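Here is a walk through one model, pocket by pocket and strand by strand. Keep the viewer open and follow along.

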Amino acid sequence: MPQKKLLPIFLFLMNLSPILFFGQHQNKLLVELVPERKTLTVQQEIVFHNTTSDTLSTLLLNDWNNAYSAKNTPLAKRFSDEFIRAFHLSKPQERGSTYGITIIDEEKSFLDWCRPDKHPDLIELSLREPLNPNQKIKINLTYFLKLPKDRFTKYGYSETQNYNLKYWYITPARYENGAFCAYSNLNIDDIANAPCDFELTFKTPLGWKLFSDLDEQKESSTSKTTTHTLGGKNRVDFSLFLENQISFQRFKTNKIEVLTNLKENRLDDIQKAIAVDKIIKFTDSLIGIYPYSKITVSQADYEKNPFYGLNQLPAFISPFPDTFLFEIKFLKTYINTFLKNSLKLDPRKDNWIYDAIQIYTMMHYIDTYYPDEKMMGSLSKLKLLKGYTLMQVNFNEQYSYFYMLMARKNLDQPIGNPKNTLLKFNEQIAGKYRAGLSLKYLDNYLGEQKVPLAIQQFYFINTQRESSQDEFKLLLEKQANKNLDWFFNTIINSRNIIDYKFTQLKKSNDSIQFTVKNRTGHTVPIPIFGLQKNQIQFKKWLENVSSDTTLTLPKKDIDKLVINYKNEVPEYNLRNNWKSLNGFIFKNRPIQLNFLKDLENPYRNQILFLPTLEYNLYNGLMPGMRFHNKTFLDKPLVFDLNPAYSTLTQKMIGSFSLLANDFRRESNTYHVRYWLSGQFFDYAPNASYMKLNPSVLIKIRPDNVRDNRKEQLVFREVIVHREKTDLEVPGKENENYAIFNARYLNVRTELTNHVLFKTDLQIANSFGKLGIEAEYRKLFTDNRQINFRWFAGSFLYRKTNSDFFNFALDRPTDYLFDYALYGRSESSGIFSQQYIVAEGAFKSKLENPFANQWMTTLNTSFNIWNWIEIYGDAGLVKNENTPTRFVYDSGIRLNLVTDYFELYFPVHSSNGWEMGQKNYQERIRIMITLNPDVLVGLFTRKWL
């Protein structure tokens, strides 16, 4: 909207509900940088103006720099939850703190202060006398800031000795609803500062340059120092960059000065200036005028929250023009800073508004300047890739797919939830995109520029005073002239899913009668389209479809009816939205065959194929072809067929699985999976096995989804048929057998703590047994790690004389064929040295390693330097008709990647000194994981 049209709106608002322009707090700081110590010395004066209706006896001050002071602060715990090792492994000099704090009032009296329990980055200040409404108090502070290294949160000092200062000074917290916002630093950029007028005097050594979005009022130098004087009115925060090697550029437009150091060396200054000016004008026209004269758009801010997808591409792949890349990076970072500096919302509680306006603006920018751009850029033009949905998706459609990644896993959360309660992927990607899609959805439904008008009105009000999402709702409803409770209750503040489908369809010569079914019962407006050769013939919004609704429309030369054709509604399942009028069922979703993997195409039945290559000692190399329907989004029904050829036995082998997912949206048992799997491979030379495995998996989650606890139950029947082999003379009971297996797992894993409890019940004709396992792993603040694992197993009954089903000390026989053993029947050689954590979990190979009555073991390890650990195992083994036997071993563990790649070097055990015995190299044990699905979990756990 042109800027000149905004004035009548603002005048109207001013008359409708007068804006309360209240006196701001004043915040004066005199700061000096001491580079060699990475510290700031601060003298500060705060004039606190009680603009509330409450009488205050205490003040709450934000001191987020002190969040770096210890390894048990809320910030440190957040890092641990998300498996970020840098902070926990950091040196003391790399972490920050605030120290030497003194606070006095106008009468030079010292004021008492403390840090609230569990909030080491807040200061609770006790006033000598209550502060009545509209009264002021002046307080003076002196303190020292030890700045953190920027590798933790991008804020602090860098390797190049530059400084990115954010959330570093002490300042009053936001006050609303009768209390101060007591928010700790969690590295999610949601500090709740009260608006202040700032005066900043900053001293640096001579030669240092200062860049800030505050107004620079004066700069003076002596022979040793430079003094920068800056100021800003009605600010909730500001950015400050100190550099001894300049990376920032200045771009001046008619309205604003932009300071940026975004890395894009392939554009010249003129190209950058054109892009910057275009983005500023676009943002001003859509949202409103930025209220300050300067803004910073930094590389650090972009890297902290990059454009997901672009940052995943390897450097040698450049599917987008250089100008486009710069615009997207600048646009995303600029809008984020624009909104965070301007809006005076509670950034934790009302975070979805920041996200919604940011992504909504970005989508409009793409629609305006790059309407034909694809998600994969120029790669979509390659003829070889034309058949892939991934290549044909428009750039703005990717937002829906990334949101659905979590929704289809039943891990999405209401976007209206406080920011600190969101999973990392939801907070940075899925929830952010859902917020923008939701605002775009409302815009498409209301039309007539009603949503942009409400955004502009809300933005203008919010730049002047503190506000909330309730005011945003009122403005939207006023523009829409209708109740929008459905939007806020269903789309924003719940995780209710939306899913409409066609049921009955009747055709006549001039009309179509059809029924639309609301599959979830959550009623929102939904569009229906009529298509002729994939060209839109009509569009109609359906409202109040709460159950089955039958409609009649003119036929109008259409061959398809489509619900939500352009995916305007954040709908859970688009695969049931098509109805062909030609009468053939396959016209609804034809079969599509694609190589490797693809995005889900709701209009095709996709079958994906890819060559596979596996190996085990008895089948050799196993080239094969895998056929499945697993796209990037989880599906309710999944099949996977992987036939292969054994180069060693020259016969066909392979595996298959068929599973059904039941995602329960309102239950703690949020995921139930039913599946049938099977495999046919060799387990020994010239001896094959066939396994059939019908199973039920029940996943349970706590109410707090950010808790890293996983709980699950598994019930399955394991049916095995084995061929006889010359290496073993199996009895009838262990040649072909069926075992009922019930397992329970409860595990909570984070960087500093790992706790696991597991039970395993097995019932068969020839035996019954129960195993219990517990693990504990602790990473201490001095970077020492200790590991404990306890196992106990006992037979309930036993009707066989074979060792095949017995408990094992060093490696089980794996009669359930659960483990990825590359030479499962080997007793010597490299393949016999493969180590898995199961049952006794000993590393040394002892004589008579089996137990046919009961067994209990304790496994421990402790690191002596980085990933080098010492380990020790001890246990009791009981066999029938023999005394209980005590066994032990010890050695060195190289814990290169915990649970994924480890080496064990035995030193001493019940066998004696192992290092002095012959063929020691055959005693070394190796843990290695090559399964891609398992390895992916290593990299995705920090997001979920």
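How much space lies in the second largest pocket? About 1400 Å³. Keep in mind that this is a predicted model.

## The second largest pocket

The pocket is lined by 50 residues, and those closest to its centre are Asn394, Glu397, Tyr565, Lys566 and Tyr603. By class, the lining splits into 22 nonpolar, 13 polar and 15 charged residues.

Which helices feed into that lining? At least two residues each come from α6 (351–369), α7 (389–392), α8 (398–407) and α9 (424–446). The largest share, four residues, belongs to α9.

## Tyr403 in α8

One residue to click on is Tyr403, found in helix α8. Is Tyr403 buried or exposed? With a relative accessible area of 6%, Tyr403 counts as buried, because the cut-off for buried is under 20%.

Leaving out residues up to four places away in sequence, Tyr403 touches Asp412, Ala430, Arg434 and Pro570. Phe425 sits 22 residues from Tyr403 along the chain, and 9.4 Å separates the C-alpha atoms of the two.

## A mostly covered helix

Now turn to helix α12, residues 485–492, where six of the eight residues are buried. The buried set is Trp486, Phe487, Phe488, Thr490, Ile491 and Ile492. What covers them? The cover includes α6, α9 and α11 (469–480). Two of those names are familiar from the pocket, since α6 and α9 also supply lining residues there.

## Two open sheets

Further along the chain there are two open sheets to look at. One has three strands in the order β21-β22-β25, with antiparallel pairing. Its edge strands are β21 (500–507) and β25 (548–554), each pairing on one side only. On average, neighbouring strands here are turned by 25° against each other, direction ignored. Strand β22, residues 511–518, pairs with β25 over seven bridges in the antiparallel sense, and Ser511 stands opposite Pro554 of β25.

The other open sheet has four strands, ordered β24-β23-β26-β27, again with antiparallel pairing. β24 (535–542) and β27 (578–580) are at the edges with a single partner strand each, so one side of each has no neighbour in the sheet. Neighbouring strands of this sheet are turned by 15° against each other on average, direction ignored. Strand β23 (residues 526–532) and β24 form an antiparallel pair over seven bridges; if you want a spot to zoom in on, Gln532 stands opposite Gln535 in β24.

## Strand pairs and hairpins

As a quick refresher, strands of a sheet pair through backbone hydrogen bonds, either parallel or antiparallel. Which strands does β1 pair with, and in what sense? β1 (residues 25–34) runs parallel to β13 (residues 196–205), with eight bridges between them, and Val31 has Phe202 as its bridge partner in β13. With β2 (residues 39–49), β1 pairs in the antiparallel sense over nine bridges. There, the bridge partner of Lys28 is Glu45.

β1 and β2 make a hairpin with four residues between them, and Lys38 in the turn has a positive phi of about 55°. Another hairpin comes from β15 and β16, with three residues in between. β15 (residues 215–221) and β16 (residues 225–235) pair in the antiparallel sense over six bridges, including one that matches Ser220 with Thr227 in β16.

## Positive phi in loops

Most residues other than glycine have a negative phi, which makes a couple of loop residues worth a look. Lys118 has a phi near 70° and lies in the loop between β5 (113–114) and β6 (122–131). Glu839 has a phi near 50° and belongs to the loop between β40 (807–808) and β41 (850–851).

Which one is buried and which is exposed? Lys118 is exposed, because its relative accessible area of 67% clears the cut-off of over 50%. Glu839 is buried, because its relative accessible area is 15%, and the cut-off for buried is under 20%.

Methods: Residues are numbered from 1 along each chain as its sequence is written. This is a predicted model: local features need pLDDT of at least 70, side-chain atom pairs count only at pLDDT 80 or more; totals for chains, interfaces and linings use all residues. Side-chain values use heavy atoms; hydrogens and water are left out. On a 1 Å grid over the protein atoms alone, a cavity is a set of points where a 1.4 Å probe fits but cannot get out, and a pocket is an open set with protein on both sides within 12 Å along at least five of seven lines; lining residues have an atom within 4 Å of a point. Grid points are joined across faces, edges and corners, and a volume is the space filled by probe spheres set on the points. Ala, Val, Leu, Ile, Met, Phe, Trp, Tyr, Cys and Pro count as nonpolar, Asp, Glu, Lys and Arg as charged, and the others, Gly among them, as polar. Two strands pair if DSSP finds at least two bridges between them. Axes are lines fitted to C-alpha atoms, for helices over the stretch in contact, and angles run from 0 to 180 degrees between N-to-C directions. Buried means under 20% relative accessible area, exposed over 50%, partly exposed in between (1.4 Å probe, protein chains only). Contact means heavy atoms within 4.5 Å.
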